[in-house]
Amino acid sequence: MAQAVSPNTNRRTKFTEDQLKILIYAFNQKPYPSYATKQRLALEINTEESRIQIWFQNRRARHRFQKRSEPEEHLESSQDEDHPEEKIQSRGDRRCRTSYTSSQLHTLIEAFMNNPYPGIDSRQQLAIEIGVPESRIQIWFQNRRSRFHVQRKREPDEALEQRQDQGKISEVRVQGIETTQNGTDLTSDSYSSGARTR
């Protein structure tokens, strides 16, 4: 049975053999290319930079999966060679962080509350509306979803901590009432004994 493809999903980019040769060569040189490198590759093979970024992400994931499935002796011998490739990019190589105005953020948050997983059409519409490239919108939604999941995981722990803290406070209050009723309230005793000595 054929699976229906949603009109909002991004169409899979099909690269020609020549394009793939260029991408694979670039990946073997540097699996974590800088923004400038991705832009240069996009121009070279005539596609969008965001498609290049996704191709590299997928390639790295596949590369890691293949390394896991290799026998252990091959893994150990290749570990020393593979480490230099996975160095984190220097700050100079990174894309500039996108700053959003309060009105842009308001529009994005509203869209996120309506649909945290927008399709390409929705993202493109938002990109036109707020004047930001669609690839930046896609990354904003990815970041927002991950932050949202982290917050949801923390909520039960925070609620438990609050209940425990409230339990301790009420326990202290009950102890305070009991000591006052027994006539052993330290503050009143020390005050009255101080008054007697004067």
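The following paragraphs lead through a predicted model of a single chain, from its overall make-up to its cores and some individual residues.

The chain contains eight helices and zero strands. Read from the N terminus, the order of its elements is α-α-α-α-α-α-α-α. Of its 198 residues, 23% count as buried. The accessible surface amounts to about 15,600 Å², and carbon and sulfur atoms account for 50% of that area. Where contacts link residues at least 6 apart in sequence, 65% of them join residues at least 24 apart.

Helix α1 serves as a starting point. This helix comprises 13 residues, 17-29, and at 1.5 Å a residue it should span 18 Å; the C-alpha atoms at its ends are 18 Å apart, in agreement with that expectation. Its buried residues are Gln19, Leu23, Ala26 and Phe27. These four cover an arc of only 100° around the axis, which places them on the same side of α1. An α-helix has 3.6 residues a turn, so residues three or four places apart point the same way. On the other side of α1, Glu17, Asp18, Lys21, Tyr25 and Gln29 are exposed.

The interior may be considered next. The largest nonpolar core consists of eleven residues: Tyr100, Leu108, Ala111, Phe112, Leu126, Ala127, Ile130, Val132, Ile137, Trp140 and Phe141. Two or more residues of this core come from each of α5 (102-114), α6 (120-130) and α7. Apart from it lies another core, of ten residues, which includes Phe15, Phe27, Leu41 and Ile45. Phe27 is also one of the buried residues of α1.

Two members of the largest core illustrate how it is joined. Leucine 108, neighbours within four places in sequence being left aside, is in contact with Tyr100, Leu126, Ile130, Ile137, Trp140 and Phe141. Tryptophan 140 is located in helix α7, which covers residues 134-181. Its relative accessible area is 10%, under the 20% limit, and tryptophan 140 is therefore buried. With neighbours within four places in sequence again set aside, tryptophan 140 is in contact with Tyr100, Leu105, Leu108, Ile109 and Phe112. Phenylalanine 112 is 28 residues from tryptophan 140 in sequence, and their C-alpha atoms are 9.8 Å apart in space.

A buried residue of another kind is arginine 123, which is found in helix α6. Arginine 123 counts as buried because its relative accessibility is 9%. Its side chain is joined to that of glutamate 134 by a polar contact of 2.6 Å.

How values were computed. Residues numbered from 1 in each chain as written. Predicted model: local features only at pLDDT ≥ 70, side-chain atom pairs only at ≥ 80, totals over all residues. Heavy atoms only, no water. Expected span 1.5 Å × (residues − 1). Buried < 20%, exposed > 50% of the residue type's maximum accessible area, 1.4 Å probe, protein only. Arc of directions from axis to C-beta. Contact = heavy atoms within 4.5 Å. Core = buried A, V, L, I, M, F, W, Y, C linked by side-chain atoms within 4.5 Å. Polar contact = N/O pair within 3.5 Å; in protein donor to acceptor, adjacent residues only side chain to side chain. Areas by Shrake-Rupley, 256 points an atom, 1.4 Å probe, with all protein chains shown as cover.
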